[in-house]
Amino acid sequence: MTMISAQSGQVGSPLLNLVVFAGFVAITLYVVYRMSHRNTSTADYYAAGSAFTGSQNGVAITGDYLSAASFLGIAGAIAVHGYDGFLYSIGFLVAWLVALLLVAELVRNTGRFTMGDVLAYRMRQRPVRAAAATSTLVISFFYMLAQMAGAGGLVALLLDVHGKGGQALVVGVVGLIMIFYVLVGGMKGTTWVQIIKATLLMLCVVLMTVFLLGKFGFSVSALLDEAAANNANGQKVLDPGVRYGRTAITQLDFISLSLALLLGAASLPHVLMRFYTVPNAIQARRSVVWAIGCMAVFYLATLVIGYGASALVGSDRILASTGRENSAAPLLAFEIGGTLLLGIVAAVAFATILAVVAGLTLTASASFAHDVYANIFRGGKADPRSEVRVARLTAVVVGVLAMIGGILANNQNVAFLVALAFAFAASANLSTLLYSLFWKRFNTTGTLWGMYSGLGSCLLLVFFSPVVSGGPTSIFSNVDFHLFPLTNPGIISIPISFLMGFLGTVLSKNREDPALRKEMAVRSLTGIRP
C-alpha cells in the first residue's frame with residue numbers, strides 16, 4: 001500500500017501497523033505476566049527487590065527517560081526548526097551530569113521507595129511526605145500528558161484514525177494497556193518492558209542513522225544542504241534562532257527552557273525511583289554512567305534523523321500531516337524503508353510511550369500509597385498487602401486522569417510538553433533535594449516553602465501562559481486569558497523555589513533533630529543503614 005497524501009494523514013498499511021503493535025503488546029504483556037508472581041512484598045512491587053545490576057538499570061533508565069518527547073518530539077522539532085530543535089537533545093543529555101554528580105548515589109543511600117523517603121528523613125513526616133506526594137502526582141501527570149498526546153497523534157497517523165473521537169479511543173486503549181502493566185507487573189515487569197523498549201529504540205535509531213548517512217555518501221554537509229533545501233526556513237535551519245531568536249521574549253523563553261531541561265532530570269520522581277532498584281550506591285552511579293552513554297548515542301542519532309526528515313520528507317509535508325511535528329520520524333521511516341520499516345518504527349514509538357507511561361503511573365501510585373497512605377494515614381504501620389492494594393487502585397485513577405489529559409493535549413509537540421514537566425520537577429523538587437542532602441540547617445518549614453512555592457508558581461505561570469490559551473497551538477486555542485508571555489516558566493519558578501526554601505529555613509525557629517541529621521549524613525555518604 002503506498003503513501004497517501006498528507007491531507008489524508010495516513011501512511012503505510014494500517015493493517016500491518018496494527019499487527020506490529022499487537023505483536024509488541026503481546027510480548028510485553030507476557031513478560032509482565034511472568035514477573036507478576038514475584039511481587040510478594042512492597043519492596044518487590046516498588047523497587048523490584050533492588051535486584052537489578054547497574055548496567056540493567058542503566059538501560060532501563062534509558063527506556064524510562066527516552067520518552068515520546070525524545071523520539072517523536074525532538075526529531076520533529078529538528079526537522080521543522082533545525083538547530084533550535086536540537087537544543088532539546090542537548091538539554092536532556094547534559095542534565096544527567098547533575099544527577100550523576102549530585103543526586104544518584106546520595107538518594108539511593110538515603111531512601112527506600114520514593115522521593116518522600118529522602119525529603120522526610122530528618123523532617124516532620126506528615127507535612128513533608130504530603131508535599132512530596134503532591135509534587136510527584138503533578139509532575140507525573142504533566143509528563144503523562146506528553147506521552148498520551150504522542151500516542152494519539154502517532155496511532156492516528158498510522159492506523160488512519162480521523163477525528164477527535166477516534167483519537168480519544170486510541171488514547172484510552174494505550175491507557176488501559178499501561179494500567180495493566182503496572183497492576184500486574186509492578187516495578188519488575190515495568191523495568192523489563194523498559195529494557196526491551198530501550199534496546200529496540202537504540203537499534204532503530206542507529207540503523208536509521210547509518211542508512212541516512214549512507215544515502216548521502218556519509219557526507220553530513222550533503223545531508224544538511226538537502227535539509228535546508230526542503231525546509232520552509234531555508235538555510236536558517238542550520239543556524240540558531242529559527243524558533244528562539246526572533247524576539248527578546250523568545251530568547252528569554254529559550255533561557256527558561258534551558259534551565260528547566262538542565263535542572264529537571266535530577267529531580268524527576270520516576271527517574272529518582274529507579275535508583276532504588278539496584279543493591280547499592282556503586283550500582284546506582286554505574287546506572288547513570290550507562291544511561292548517559294546510551295543517551296549520547298541516541299541524541300546524536302536524533303540530529304541525523306531530524307535533518308534527514310527535513311531532507312527527504314520536507315517541513316511542509318510534516319506540518320500538514322496528522323500529528324504535525326510528531327509525525328516526522330514515522331514519515332521518514334516510510335520514505336526510506338517503506339511499509340515494513342514504518343511498522344517497525346511505529347512499534348518502537350508505541351513501545352516508548354507505553355513503557356514511559358507505565359513507569360510514571362507506577363511512580364505516582366507508589367508515592368501516594370507509600371507516602372500518604374502508609375506513612376500519613378497509617379503512621380508507618382500499614383500492612384504491606386494493603387499498601388500494594390492502595391498503590392494499584394491509585395494506578396487506575398492516575399491512568400484515567402492521564403487519558404483525559406492526553407485527549408485535551410492532543411496535537412501539542414510532545415518535547416515541548418515534557419519540557420514543562422521538567423520545569424515542574426526543577427521548581428518543586430531540586431531545591432529541597434539539594435538542601436536536604438547538603439545543608440545541615442535545612443528544616444521542615446524550608447522544605448514546605450520551597451516545594452509549594454516552586455510548584456504553585458509554576459502551575460500559576462503555566463495556566464496564564466500561551467500554553468493554555470491565546471495561541472493557535474494552545475490547549476484552549478479559542479480563548480485568550482494569558483498574562484505571562486513565556487511558554488516555559490522555569491526562569492521564574494526555579495529561583496523562587498530556592499529562595500523560599502532558604503527564607504523558610506532561616507526565618508523559622510524550629511530545628512530538626514541533630515541526631516537524625518547526623519544519621520542522614522552518614523547514611524547518604526556511606527550507604528550504611530542503622
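Visitor: What share of the 530 residues in the chain is buried?

Guide: Buried residues make up 61% of them. Keep in mind that this is a predicted model. The chain has 19 helices and 0 strands.

Visitor: Let me try a single residue. Why is Val32 called buried?

Guide: Look at its relative accessible area, which is 0%. A residue counts as buried when this value is under 20%, so Val32 is buried. You will find Val32 in helix α1, which covers residues 14-36. Its C-alpha atom is 9.3 Å from that of Thr191, although the two residues are 159 apart along the chain.

Visitor: And what makes Ser89 a buried residue?

Guide: The same test works here: the relative accessible area of Ser89 is 1%, and the limit for buried is under 20%, so Ser89 is buried. Ser89 belongs to helix α5. Apart from neighbours within four places in sequence, Ser89 is in contact with Ile74, Tyr299 and Thr302.

Visitor: Let's turn to the aromatic rings. How many aromatic pairs are there in the whole structure?

Guide: A search finds 16 of them. In one of these, the rings of Tyr65 and Phe422 have centres 6.0 Å apart and planes at 55°.

Visitor: Why is the pair of Tyr65 and Phe422 called tilted?

Guide: First, the centres are 6.0 Å apart, and rings pair when their centres lie within 6.5 Å. Next comes the angle: planes under 30 degrees apart would be stacked and planes over 60 would be edge-to-face. The value of 55° fits neither, so the pair is tilted. The pair also links distant parts of the chain, with Tyr65 in helix α3 (residues 54-65) and Phe422 in helix α16 (residues 414-438), 357 residues apart. Both Tyr65 and Phe422 are buried.

Visitor: What makes the pair of Tyr435 and Phe498 edge-to-face?

Guide: Here the ring planes are at 75°, and over 60 degrees counts as edge-to-face, so that name applies to this pair. Their centres are 5.8 Å apart. Tyr435 is in helix α16 and Phe498 is in helix α18 (residues 490-507), with their positions 63 residues apart in the chain.

Visitor: How do you know whether Tyr435 is buried or exposed?

Guide: Its relative accessibility is 16%, and buried means under 20%, so Tyr435 counts as buried.

Visitor: Then why is Phe498 called partly exposed?

Guide: Phe498 has a relative accessible area of 24%. Buried would need under 20% and exposed would need over 50%, so Phe498 falls in between and is partly exposed.

Visitor: Which residues form one aromatic cluster?

Guide: They are Tyr65, Phe92, Trp96, Tyr143, Phe298, Tyr299 and Phe422.

Visitor: Now for the helices. What describes two packed helices?

Guide: The description uses the angle between their axes and the distance between the axes. Take helix α5 (residues 83-110) and helix α19 (residues 514-526): their axes come within 7 Å and cross at roughly 120°.

Visitor: Why is α5 called oblique to α19?

Guide: An angle from 65 to 115 degrees would be roughly perpendicular, and one over 145 roughly antiparallel. The angle of roughly 120° lies outside both ranges and is not under 35 degrees either, so α5 is oblique to α19. The crossing is right-handed. Glu105, Leu106, Asn109 and Thr110 in α5 meet Met520, Arg523, Ser524, Leu525 and Thr526 in α19. By class, the residues of this contact are 3 nonpolar, 4 polar and 2 charged.

Visitor: How do you know that α14 and α15 are oblique to each other?

Guide: Helix α14 and helix α15 (residues 384-408) pack at about 135°, with axes 8 Å apart. That angle is above the 65 to 115 range but not over 145, so the two helices are oblique. α14 passes α15 in a right-handed crossing. Their contact has 9 nonpolar, 5 polar and 1 charged residues.

Visitor: Which residues in α12 meet α14?

Guide: Ile305, Gly308, Ala309 and Leu312 in α12 meet Ala328, Leu332, Glu335 and Ile336 in α14. The residues of this contact divide into 6 nonpolar, 1 polar and 1 charged. α12 passes α14 in a left-handed crossing.

Methods: Residues numbered from 1 in each chain as written. Predicted model: local features only at pLDDT ≥ 70, side-chain atom pairs only at ≥ 80, totals over all residues. Heavy atoms only, no water. Axes fitted to C-alpha atoms, helices over the stretch in contact; angles between N-to-C directions. Helix = DSSP H or I, 4+ residues; strand = E, 2+ residues; numbered from the N terminus. Left-handed = near helix turned anticlockwise from the far one by under 90°. Contact = heavy atoms within 4.5 Å. Nonpolar A, V, L, I, M, F, W, Y, C, P; charged D, E, K, R; others polar. Buried < 20%, exposed > 50% of the residue type's maximum accessible area, 1.4 Å probe, protein only.
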